[in-house]
Amino acid sequence: MAYIVAEPCINCKYTDCVDVCPVDCFHEGVNFLAINPEDCIDCGACEPECPTEAIFEEDELPEKWQQYVELNAKYAEEWPEITVKKDPMPDADEWHEKTDKDDLLSPEAAS
C-alpha cells in the first residue's frame with residue numbers, strides 16, 4: 001500500500017518529504033507533488049516531514065480525498081521525478097491552512 005499526497009499540498013508544495021524518500025517516488029507538478037504508487041515502498045519516512053500534513057497512508061486517507069489515490073498514480077506517470085528538496089511555492093505559507101483547494105490543482109508538470 002502506497003502513501004498518497006492529498007489536497008493540503010496544493011499551492012504549497014513543500015518538498016521536505018522528497019528529501020527523506022529513499023526510493024525517489026515523488027513527482028512534481030506546477031503546484032502539487034504526487035507519489036508514484038508503483039515505486040513507494042510504504043516506509044512512512046515522508047509523512048511526518050510534511051508541514052501541511054498532506055501525506056497519508058492509503059488506508060488512512062480521509063474519504064473526502066479518495067480521488068487523490070487515482071490522481072497520484074496518474075500524475076506520477078506524467079510529471080517529472082523530483083529527488084532533491086526545493087523551496088516551497090512563494091506564497092506557500094498563505095495557502096498552508098486553506099482548505100477546499102481541489103479546483104486549484106494544476107495538471108501541468110513542473111518545468
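In this predicted model, His27 touches Phe32, Leu33, Ala34, Asn36, Tyr75, Ala76, Trp79, Pro80, Glu81 and Ile82, leaving out residues up to four places away in sequence; a contact here means heavy atoms within 4.5 Å. Residues are numbered from 1 along each chain as its sequence is written, and side-chain values use heavy atoms, without hydrogens and water. Because the model is predicted, local features need pLDDT of at least 70 and side-chain atom pairs count only at pLDDT 80 or more, while totals for chains, interfaces and linings use all residues.

**Around His27**

His27 belongs to strand β2, residues 26-28. Strands (E, at least two residues) and helices (H or I, at least four) are DSSP runs numbered from the N terminus. With a relative accessibility of 7%, His27 counts as buried; the classes are buried under 20% relative accessible area, exposed over 50% and partly exposed in between, with a 1.4 Å probe and protein chains only.

Where does the side chain of His27 find backbone atoms? One is the backbone oxygen of Ala76, reached at 3.3 Å, and another is the backbone nitrogen of Glu81, at 3.5 Å. For a polar contact, a pair of N or O atoms must lie within 3.5 Å; within protein, one must be able to donate a hydrogen and the other to accept it, and residues adjacent in sequence count only if both atoms are side-chain atoms.

**Rings and charges**

Let us turn to the aromatic residues. A pair of aromatic rings is described by the distance of the centres and the angle of the planes. Rings of Phe, Tyr and Trp (its six-membered ring) pair if their centres lie within 6.5 Å; planes under 30 degrees apart count as stacked, over 60 as edge-to-face and the rest as tilted. By this rule there are four aromatic pairs. In one of them, the ring centres of Phe32 and Tyr68 are 5.8 Å apart and the planes stand at 45 degrees, so the pair is tilted. Phe32 sits in the loop between β2 and β3, and Tyr68 in helix α2 (residues 67-78), so this pair ties together parts that are 36 residues apart in sequence. Phe32 is buried at 0% relative accessibility, and Tyr68 is buried at 1%. Phe56 and Trp65 also make a tilted pair, with 5.7 Å from centre to centre and 50 degrees between the planes. Ring pairs join Phe32, Tyr68, Tyr75 and Trp79 into a cluster.

Lysines come into play as well: Lys64 lies over the face of Trp65, 4.6 Å from the ring centre, and the charged end of Lys98 sits over the ring of Trp95, 4.6 Å from its centre. The criterion asks for NZ of Lys or CZ of Arg within 6 Å of the ring centre and within 35 degrees of the ring normal.

**The nonpolar core**

Which residues touch the most other members of the largest nonpolar core? Among its 30 residues, these are Phe26, Phe32, Ile35, Ile55, Tyr68 and Leu105. Such a core is a set of buried Ala, Val, Leu, Ile, Met, Phe, Trp, Tyr and Cys residues joined through side-chain atoms within 4.5 Å. At least two residues of this core come from each of β1, α1, β3, β4 and α2. The contacts of Phe32 beyond four places in sequence include Cys9, Lys13, His27, Trp79 and Leu105.

**Cysteines, and two unusual phi values**

How many disulfides does a search of the whole structure find? The count is zero, where a disulfide is a pair of cysteine sulfur atoms within 2.5 Å. The sulfur of Cys9 has its closest cysteine sulfur in Cys50, 6.4 Å away, which is too far for a bond. Cys50 is in no disulfide either, and its nearest cysteine sulfur, that of Cys17, is 6.1 Å away.

Most residues other than glycine have a negative phi. The table shows two residues with a positive value.

| Residue | Phi | Loop | Relative accessibility |
|---|---|---|---|
| Lys13 | near 55 degrees | between β1 (3-5) and α1 (16-20) | 8%, buried |
| Glu53 | about 55 degrees | between β3 (33-35) and β4 (55-57) | 62%, exposed |

**Ser106**

Finally, Ser106 lies in the segment after α3 (92-95) and counts as buried at 17% relative accessibility. A polar atom of the Ser106 side chain is 3.2 Å from the backbone nitrogen of Glu108. Apart from neighbours within four places in sequence, Ser106 is in contact with Val30, Asn31 and Trp79.
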